[in-house]
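User: I am in my first year and would like a careful, connected explanation of one part of a protein model. Please begin with the whole chain and then take me to the part I ask about.

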Amino acid sequence: MNSNASAPQETSVSALLLRLQQRELLIPKAMVADVLSWNRELFVPAAASESSWRLGEYYWKEEKIPLVCFEKLIQATTAGEELLKRKVVVLKSSQTEYANQYYAIHCRGFPKPLILSEQSLDFLDTESNQEWIAHSISIGSRVLDIPDFEALEGAVWFTHSAVHQSA
């Protein structure tokens, strides 16, 4: 019998830390399909009638995917609108009904990889009282937010399909 079979296994989660203007998001690494440098030529701005959080579409692997501003979605005050020196993080949908669909969030600078141990997960709040945020985790003096991916993706695809149906 294997002597390691009875030893408790340390649970850890690989994530990327995305710095926004006034928040920091934790995104499970399994959802991240790509990280790109901002390129204005690959960006198609949204129509003025669309929600302000839906910035438009970004070309990725020969398709246009929705590009969203998470801070505008949660109605946080954002400093500047300038997207230069930004990164675009392409995410694969976490929901089965949107399987093989992608969308993107922009962030400041290159996302930082993190491995959250079982101990750090003990600091995970079970629920957030903010719309669009599923959980928050405190690490030292920093509060890292985990988006409510189900709500976010529902809004992205609802808006995305509504825009394409009206076009």
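What share of the 167 residues in the chain do buried residues make up? After that, please look closely at strand E7, residues 86-92, and tell me what surrounds it.

Analyst: Please keep in mind throughout that this is a predicted model. Buried residues make up 42% of the 167 residues in the chain, where a residue counts as buried if its relative accessible area is under 20%. The chain holds 3 helices and 10 strands, and when they are read along the sequence they follow the pattern β-β-β-β-β-β-α-β-β-α-β-β-α. Of the contacts between residues at least 6 apart in sequence, 57% join residues at least 24 apart. The exposed surface of the chain comes to about 9,900 Å², and carbon and sulfur atoms supply 49% of it.

Now to strand E7. Of its 7 residues, which span positions 86-92, 6 are buried, so the strand is largely enclosed by the rest of the structure. Two other strands pair with E7, and they help to show what lies beside it. Strand E3, made of residues 32-37, runs antiparallel to E7 and is joined to it by 5 bridges; within this pairing, Ser37 has Lys87 of E7 as its bridge partner. Strand E8, which covers residues 102-117, also pairs with E7 in the antiparallel sense, here over 7 bridges, and one place to find this pairing in the model is Val89, whose bridge partner in E8 is Ile105.

Between E7 and E8 the chain passes through a loop, and Glu97 is found there. With a relative accessibility of 53%, Glu97 counts as exposed, because the cut-off for that word is over 50%. Glu97 and Gly154 are 57 residues apart in sequence, yet their C-alpha atoms are 9.7 Å apart in space.

The next step is to ask what the side chains around E7 belong to. In soluble globular proteins, nonpolar side chains tend to be buried together. In this model the largest nonpolar core has 32 residues, and those with the most contacts inside it are Leu18, Leu26, Ile27, Phe70, Tyr103 and Leu152. E7 is one of the elements that give two or more residues to this core, and the others include strand E1 (12-19), strand E2 (24-28), E8 and helix H3 (149-166). H3 gives the most to this core, with 5 residues. Ile27 offers a useful view of how parts of the chain come together, since beyond its neighbours within four places in sequence it is in contact with Ala15, Leu16, Leu18, Val32, Leu91, Pro147 and Phe149. Of these contacts, Leu91 has a number that falls within the span of E7. A second, separate core has 13 residues, with Leu55, Trp60, Val88 and Ala104 among them.

Strand E10 (142-147) also gives two or more residues to the largest core, so it is worth following a little further. E10 pairs with strand E9 in the antiparallel sense over 6 bridges, and in E10 the bridge partner of Ser138 is Val143. The two strands form a hairpin with 2 residues between them, and Gly140 in the turn has a positive phi of about 65 degrees.

Charged side chains complete the picture. Side chains of opposite charge can pair when their charged atoms come close. The count of salt bridges comes to 3. In one of them the side chains of Arg23 and Asp145 meet, with 2.6 Å from N to O; this pair links distant parts of the chain, as Arg23 lies in the loop between E1 and E2, Asp145 lies in E10, and the two are 122 residues apart. Both are buried, Arg23 with a relative accessible area of 18% and Asp145 with 4%. Another salt bridge joins Arg142 to Glu24, the closest N and O atoms being 2.5 Å apart, and it too links distant parts of the chain, with Arg142 in E10 and Glu24 in E2, 118 residues apart. Here Arg142 is partly exposed at 39%, whereas Glu24 counts as buried at 14%. In the remaining pair, Lys64 forms a salt bridge with Glu57, where the closest N and O atoms are 3.7 Å apart; Lys64 is partly exposed at 38%, while Glu57 counts as buried at 10%.

Methods: Residues numbered from 1 in each chain as written. Predicted model: local features only at pLDDT ≥ 70, side-chain atom pairs only at ≥ 80, totals over all residues. Heavy atoms only, no water. Buried < 20%, exposed > 50% of the residue type's maximum accessible area, 1.4 Å probe, protein only. Helix = DSSP H or I, 4+ residues; strand = E, 2+ residues; numbered from the N terminus. Pairing = 2+ DSSP bridges. Core = buried A, V, L, I, M, F, W, Y, C linked by side-chain atoms within 4.5 Å. Contact = heavy atoms within 4.5 Å. Salt bridge = Lys/Arg side-chain N within 4 Å of Asp/Glu carboxyl O. Areas by Shrake-Rupley, 256 points an atom, 1.4 Å probe, with all protein chains shown as cover.
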